[in-house]
Amino acid sequence: MAEENDKLHIRLHIYDTDIPVNVKREDEYFYREAARLINSTINTYADLFKGRKSEKEVLYMAMIDISFRYMKDKDNKDTSVYDDILKKLTGEIEEALK
């Protein structure tokens, strides 16, 4: 029940639609920023391809753009390579200290 009290009911305006969303209070900022990013990206593509691409294609291009940025950022934050090196070094240090 406490979790329900920590939720907010907000409306996000995406493109031409208002979308009701229940979010954790601490996540509201991120949802609103996500909506701004989506709208900004759609508007950029709509301006670039006005009259040449359908509305659906513009929306798909915006989704691809945002997904690409997400995947690239996620890949740049992959720490598994560093974790493996740190484990190896830690093992070597522990072995040397014995």
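Trainee: Which pattern does the protein follow when read along the sequence?

Mentor: In this predicted model, the order is α-β-β-α-α-α. The secondary structure comes to four helices and two strands.

Trainee: How do you know whether the protein has the radius of gyration of a compact globule or not?

Mentor: A compact globule of 98 residues would have a radius of gyration near 13 Å. The protein has 22 Å, and therefore it does not fit the globule rule, which is 2.2 Å times the number of residues to the power 0.38. Along its principal axes, the C-alpha trace spans about 70 × 45 × 15 Å.

Trainee: What share of the residues counts as buried?

Mentor: A residue is called buried when its relative accessible area is under 20%. Of the 98 residues, 15% count as buried. The protein exposes about 8,400 Å², of which carbon and sulfur atoms supply 56%.

Trainee: What makes L8, I10, L12, I14, V21, V23 and A35 a nonpolar core?

Mentor: These seven residues form the largest nonpolar core. They are called a core because they are buried residues of the nonpolar kinds, joined through side-chain atoms within 4.5 Å. β1 (7-14) and β2 (17-24) are the elements that give two or more residues to this core, and β1 supplies the largest share, four residues.

Trainee: Which residues does I14 touch, apart from those up to four places away in sequence?

Mentor: I14 touches I19, A35, I38 and N39. A second, separate core has five residues, among them I42, V58, M61 and A62. In soluble globular proteins, nonpolar side chains tend to be buried together.

Notes. Residues are numbered from 1 along each chain as its sequence is written. This is a predicted model: local features need pLDDT of at least 70, side-chain atom pairs count only at pLDDT 80 or more; totals for chains, interfaces and linings use all residues. Side-chain values use heavy atoms; hydrogens and water are left out. Buried means under 20% relative accessible area, exposed over 50%, partly exposed in between (1.4 Å probe, protein chains only). Accessible areas come from the Shrake-Rupley method with a 1.4 Å probe; for residues, only the protein chains shown count as cover. Contact means heavy atoms within 4.5 Å.
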